Amino acid sequence: MQYKNNSKQRFGSIQGLRSFKDTLPKNIKKVISKRGHIYSETLNNWKYIAGEKLFKICYPKSFKSSNKFSVSTLLIMVQRGHEIELEYSKNEIMDRMNKFFKEEVVKRIKFTSFEEENKIKEKEILQNTNVTNNKYMSKIKNVKNEKIKKSLIELTKVFKEK
């Protein structure tokens, strides 16, 4: 290879093949140097690291590498109600992750819980149906004719289903 001093750039350049690291943009180099590859590898291999059972109820949200003030931390999102299961298997996840990377990568794990979208929608539907029930049930109860009262109650049931 021939060394060539390029007048337009600050550093001298080498003619010929460049290493892959040198071809990456500066922003990506910073992410990789701050252990950004650990988070991406964790996402790709989460099923192996967490196991089949925990894979269904949680996923990694972020990874913060260690610095002067704090240790390296993995933030995991957990479905509401399954926090205790994950708390008991916390050390196992840390061990698997450290074995996977062949060095001590994670020293602390934090959990944040979330609700499934299906449950949130169900709660909204229940709240909406209760509002309509309370609003019209008092008026329906004031109706004196029993047949009309029953038919109005059935009508509200049909609207609830839709």
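**Exercise 1. Place Ser72 in the fold, decide whether Ser72 is buried or exposed, and find what Ser72 touches.**

Step 1: location. Ser72 sits in the loop between β3 (58–64) and β4 (73–79). Strands here are DSSP runs (E, at least two residues), and helices are runs of H or I with at least four, numbered from the N terminus. Quick housekeeping: this is a predicted model, with local features needing pLDDT of at least 70 and side-chain atom pairs counting only at pLDDT 80 or more, while totals for chains, interfaces and linings use all residues. Residues are numbered from 1 along each chain as its sequence is written, and side-chain values use heavy atoms, leaving out hydrogens and water.

Step 2: burial. The relative accessible area of Ser72 is 2%, so Ser72 is buried (buried is under 20%, exposed over 50%, partly exposed in between; 1.4 Å probe, protein chains only).

Step 3: neighbours. Skipping residues up to four places away in sequence, Ser72 touches Phe63, Lys64, Ser65, Ser66, Val105, Val106, Lys107 and Arg108 (contact means heavy atoms within 4.5 Å). For Lys107, the C-alpha to C-alpha distance from Ser72 is 5.6 Å, with their positions 35 residues apart in sequence. A polar atom of the Ser72 side chain also lies 2.5 Å from the backbone oxygen of Val105.

**Exercise 2. Work out which residues touch the most other members of the largest nonpolar core, and which element gives the most to this core.**

Step 1: hubs. The core holds 19 residues, and Trp46, Leu74, Ile76 and Val106 touch the most other members (a nonpolar core is a set of buried Ala, Val, Leu, Ile, Met, Phe, Trp, Tyr and Cys residues joined through side-chain atoms within 4.5 Å).

Step 2: elements. Two or more residues come from each of α4, β3, β4 and α7. The top contributor is α7, with four residues.

Step 3: zoom in on Val106. Beyond four places in sequence, Val106 touches Phe63, Ser72, Leu74, Met94, Met97 and Asn98. Asn98 is in helix α7 and is buried at 16% relative accessibility.

**Exercise 3. Explain why the Tyr48 and Phe100 pair is tilted.**

Step 1: the rule. Rings of Phe, Tyr and Trp (its six-membered ring) pair if their centres lie within 6.5 Å; planes under 30 degrees apart are stacked, over 60 edge-to-face, and the rest tilted. The count comes to three aromatic pairs.

Step 2: apply it. The ring centres of Tyr48 and Phe100 are 6.1 Å apart with planes at 50°, so this pair is tilted.

Step 3: context. Tyr48 is in helix α4 (residues 46–50) and Phe100 in helix α7 (residues 90–101), 52 residues apart. Tyr48 is exposed at 56%, whereas Phe100 is partly exposed at 29%.

Technical notes. A polar contact is a pair of N or O atoms within 3.5 Å; within protein, one must be able to donate a hydrogen and the other to accept it, and residues adjacent in sequence count only if both atoms are side-chain atoms.
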